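Me: I'd like to go through this structure and ask how each label was earned. Could you set the value against the rule each time?

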Amino acid sequence: MQAWQVHENGEPSEVMRLQDVERPTPGDGQVLLRVRAANINFPDALMVRGHYQVQPPLPFTPGVEICGETEDGRRVIANPALPYGGFAEYALADAAALLPAPESLDDAEAAALHIGYQTGWFGLHRRARLEAGETLLVHAAAGGVGSAAVQLGKAAGATVIGVVGGAGKAAVARELGCDLVIDRRAENVIGAVKEATGGRGADVIYDPVGGEAYTQSTKVVAFEGRIVVVGFASGTIPSPALNHALVKNYSILGLHWGLYNTKNPKLVQHCHEQLTELATRGAIRPLVSERVPLDGAAAAVQRLADGVTTGRVVVVPSLENGAAV
C-alpha cells in the first residue's frame, strides 16, 4: 500500500514522504481499516514537527482522524492507532473505539466530524455549560476547530461572534452562521465585542489560539463568563493573571478532549450520538473546503500548519492524482 511516512521531524512539506509499505498487521483489539477519507488536524502538523505532546516512534504515518471501512463493509469514524496513521490507504484502529459514520454525511464530512466537533461539544456543553440566549465568542472562527464551535453554538441557541484574520475568512465565518464577524486585521476586537454586547462582553469564549487572542478574551469576558482554553495555534502559551480572573469573576476552563477516551469513554459515545442527531437534522455539517488526493497530503498539511486554510482539508485516497476539489 501507499502511505506517507515521517523519518525525521521538520516541516511537513520537507519531511513527509509517500512510500510503498506493507499493510500494517492488527494487534490485540485492533482492526485494519481501508481509509476512505482522512481529515487533517493541527496536531498532525505539530507531530510532524516534533512539537506535539504525543510523539510516535520514527518512522510514522500521521493522520489522527479518518472515515474508514471495515473488512465487513461498515463505514466508521476512527482515530488511527499510531504509528499507522490515516494518511495512507490502510490504517489501524482500536476496535472498541470505532464509531458509526452518520449516513447524512459523505466520507470527507464524516472524517471531519470527530475530533473538532467532539472538542467543541465537550468545551461548550460539558465544560462551559453554554445556555441558549448567551453570547459565544469563537476565535479562529473560520478554521477547522472554530467552524465546529460556531455551528454547535448556533445549534445551542447562542448568539455567536466570530473572530477571524482576513476578509476571505470573514466571508467563510458569515456563511457558517456567525451573528457578527470581526476581522482582527482590520478591526479592534475588544472595542467591537464591547460595542456589540453593550459593554457586557461574551458569556463563553472558545479559544484554540492562545497568545494575543487569550489576552483579548480576558478583556471582553462577561461577569461570570467562561474562557475555554482549547489550544495554542498561535504558538504562544499565555500565563493567566489569576488576580484578574478573581477581580472580574470569570472562569478559565482547560479542555483536553483526548482524556475522555480513557477517563470516561461513555461520554465520547454519548457525544457522538448527539453529533449524529445534529448532523441528521442539518444543524451541523463539517465545512470541507478542500478534498485532496493521497499524493497531495504533505502540501495540504503544510498549508494548514501555515494558517492559510479554512474549514477542513481532507485527504481522499480514492481521488485521482491532481483531482483536488
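Me: Why is Ala140 called partly exposed?
Reply: This is a predicted model, and in it Ala140 has a relative accessible area of 33%. Buried means under 20% and exposed means over 50%, with partly exposed in between. The 33% of Ala140 falls in that middle range, so partly exposed is the label.

Me: And what makes the phi of Ala140 worth a remark?
Reply: Its sign. Phi of Ala140 is near 55°, a positive value, and the residue is not a glycine. Most residues other than glycine have a negative phi. As for its place, Ala140 is in the loop between strand 8 and helix 5.

Me: Where is Arg129 found, and what is its phi?
Reply: Arg129 is in the loop between helix 4 (115-127) and strand 8 (135-139). Its phi is about 55°, positive although Arg129 is not a glycine.

Me: What makes helix 4 largely enclosed by the rest of the structure?
Reply: Count the buried residues: 10 of the 13 residues of helix 4 are buried, so the helix is largely enclosed. Among them are Ile115, Tyr117, Trp121, Phe122 and Leu124. To be on that list, a residue needs a relative accessible area under 20%.

Me: Why are helix 4 and helix 11 called roughly perpendicular?
Reply: Helix 4 and helix 11 (residues 265-280) pack at an angle of about 100°, with their axes 10 Å apart. Angles of 65 to 115 degrees count as roughly perpendicular. About 100° fits inside that range, so helix 4 is roughly perpendicular to helix 11.

Me: Which residues make that contact between helix 4 and helix 11?
Reply: From helix 4 come Tyr117, Gln118, Trp121, Phe122 and Arg126. Helix 11 brings residues including Leu267, Val268, Cys271 and Leu275. By type, the residues of the contact divide into 7 nonpolar, 4 polar and 1 charged.

Me: Phe122 is in that contact. What else does Phe122 touch?
Reply: Leaving out residues up to four places away in sequence, Phe122 touches Arg127, Leu255, Trp257, Tyr260, Leu267, Val268 and Cys271. Phe122 and Leu136 are also the residues with the most contacts inside the largest nonpolar core, which has 81 residues. There's a second, separate core of 16 residues too, and it includes Ile161, Val193, Ala202 and Ile227.

Me: Is Thr276 in helix 11 buried or partly exposed, and how do you know?
Reply: Thr276 has 22% relative accessibility, and buried would need under 20%, so Thr276 counts as partly exposed. The C-alpha atoms of Thr276 and Leu113 are separated by 8.9 Å, while the two residues are 163 residues apart along the chain.

Me: How do you know that the buried residues of helix 6 line one face?
Reply: The buried residues of helix 6 (residues 167-176) are Ala170, Val172, Ala173 and Leu176. Seen down the helix axis, they fall within an arc of 160°, so they line one face. They pack against helix 5 (144-155), strand 9 (159-164) and strand 10 (180-183). On the other side of helix 6, Ala167, Gly168, Arg174 and Glu175 are exposed.

Me: What makes Arg174 exposed?
Reply: Its relative accessibility is 51%, and exposed means over 50%, so Arg174 counts as exposed. From C-alpha to C-alpha, Arg174 and Ala142 are 8.9 Å apart in space, and they are 32 residues apart in sequence.

Me: Why are helix 2 and helix 12 called roughly perpendicular?
Reply: The axes of helix 2 (residues 42-49) and helix 12 (residues 297-305) cross at roughly 100° and come within 9 Å. The range for roughly perpendicular is 65 to 115 degrees, so that label applies to helix 2 and helix 12. Phe42, Ala45 and Arg49 in helix 2 meet Val301, Gln302, Leu304 and Ala305 in helix 12. Those residues divide into 5 nonpolar, 1 polar and 1 charged.

Me: Which residues are joined by the cis peptide bond with omega of about -5°?
Reply: Leu58 and Pro59. Pro59 is in the loop between helix 2 and strand 4 (66-69). The peptide bond from Leu82 to Pro83 is cis as well, with omega near 20°. Most peptide bonds are trans.

Definitions and conventions:
Residues are numbered from 1 along each chain as its sequence is written. This is a predicted model: local features need pLDDT of at least 70, side-chain atom pairs count only at pLDDT 80 or more; totals for chains, interfaces and linings use all residues. Side-chain values use heavy atoms; hydrogens and water are left out. Axes are lines fitted to C-alpha atoms, for helices over the stretch in contact, and angles run from 0 to 180 degrees between N-to-C directions. Helices (H or I, at least four residues) and strands (E, at least two) are DSSP runs, numbered from the N terminus. Angles under 35 degrees count as roughly parallel, over 145 as roughly antiparallel, 65 to 115 as roughly perpendicular and the rest as oblique. Contact means heavy atoms within 4.5 Å. Ala, Val, Leu, Ile, Met, Phe, Trp, Tyr, Cys and Pro count as nonpolar, Asp, Glu, Lys and Arg as charged, and the others, Gly among them, as polar. A nonpolar core is a set of buried Ala, Val, Leu, Ile, Met, Phe, Trp, Tyr and Cys residues joined through side-chain atoms within 4.5 Å. Buried means under 20% relative accessible area, exposed over 50%, partly exposed in between (1.4 Å probe, protein chains only). The arc is that of the directions from the helix axis to the C-beta atoms.
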